[in-house]
Amino acid sequence: MAVPGALVVIDGSQGEGGGAIVRMALVVSALTQQSVRITDVRGGTPYPGVDVEDIALALALARICDADLRGAESGSDTLVFHPTCRPRALNGSLALPDGWERKPNALVVLTSLAPVLAKAGSWSCMECRGETYGHASLTYDYVDRIVAPAWSKMGLFAEPKLLKAAFGRHSEGLVTLEVEPSAIHGLDWQQRGSLREVWATVVTTELPTQVGERGASHLERLANSAGLPMRIAVRRPPADAPGAFVTVGAIYERGAGGATAIGARGMRMESVAQRAFDDLLRWMETDATVDPFLGDVLLAPAVLSETPTTFKTNVLTERFLSCVQVVK
């Protein structure tokens, strides 16, 4: 068993070698009160060194745990985090470093903080600026419809709210997250059970209304062809720039999975909808109870639980395995 207060050294280039290692190391440090030094930060990526997303999370955790934080500067290859107290509630806006053209993914930062704040003993409500819809990353509708309900099954209650949408890491949206003090327990998702709901959310901003409607109509045709009753919502949240995004999900008695697709200049909305739907259908054709992204965000609450958590994913990613090694 690790000794509280002992310094743990993590090689940030091991395994996946990216931001997930940094996030998991900081979160577990805050939860266990063990100091951590992360060396060769993001050393397995084409862009090594501390990123704005790492800094945003580290600054928030430092507030929560009154931590001594070192190396939280652009491009630093080493990050040191020394927590000095148990996690406390966090309220207000998260601090972001100045001078960065690239913004953090707001959902990545907030979902990393949620399991820590669940153990704070009082209510937290925070807001984070940054990307809300992006490629191959956590996005607002996925967190709202997939992650938060799955967490609630574990006794972790968190409620996100989208105030402004932003597409990509060079844009700035705004999301709030409320986190209740939670008694976290394990999850037994070995078998899916019956299908409860299939849903889709089509988001467009600063585009003609018919663009979103075309995406929804195409999803309806795809769902009918596959024999799936799908509930489809079309939303137009506030934003500073044009954007289009489709999120689809399937909720089972003991499982959940989703898929996303982002629009791009010159891409038809039907193609965006098709890509998301096809990815969801491929997951539904497996016997997995969670998709790979949901598996990632269930790991920290599972570690906090005193009872076992069991789930099955269709892809065991290098990112997930790297985070497991950090936890160990």
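Here are a few friendly notes to help you find your way around this predicted model.

1. Let's start with the whole chain. The protein chain contains 8 helices and 14 strands. Its C-alpha trace spans about 55 × 45 × 35 Å along the principal axes.

2. Next, the overall packing. A compact globule of 328 residues would have a radius of gyration near 20 Å, and the 19 Å of the protein chain agrees with this. Of the 328 residues, 54% are buried. The accessible surface is about 14000 Å², and carbon and sulfur atoms account for 50% of that area.

3. Contacts reach far along the sequence. Taking contacts between residues at least 6 apart in sequence, 75% join residues at least 24 apart.

4. Now look at one open sheet of 4 strands, where the order is β11-β10-β12-β13 and the pairing is mixed. At its edges are β11 (230–235) and β13 (255–262), each of which pairs on one side only. On average, neighbouring strands of this sheet are turned by 15° against each other, direction ignored.

5. Within that sheet, it is worth following one pair. Strand β10 (residues 195–205) runs parallel to its partner β11, and 6 bridges link the two. To find your place there, look for W199, which stands opposite R231 in β11.

6. Finally, see how helices meet these strands. Helix α4 (residues 140–153) lies across β10, β11, β12 (243–252) and β13, and runs at about 160° to β10. Helix α6 (residues 269–284) also packs on the sheet, touching β10, β11, β12 and β13. The direction of α6 makes about 20° with that of β12.

Technical notes. Residues numbered from 1 in each chain as written. Predicted model: local features only at pLDDT ≥ 70, side-chain atom pairs only at ≥ 80, totals over all residues. Heavy atoms only, no water. Pairing = 2+ DSSP bridges. Axes fitted to C-alpha atoms, helices over the stretch in contact; angles between N-to-C directions. Contact = heavy atoms within 4.5 Å. Rg over C-alpha atoms; globule rule 2.2 N^0.38 Å. Buried < 20%, exposed > 50% of the residue type's maximum accessible area, 1.4 Å probe, protein only. Areas by Shrake-Rupley, 256 points an atom, 1.4 Å probe, with all protein chains shown as cover.
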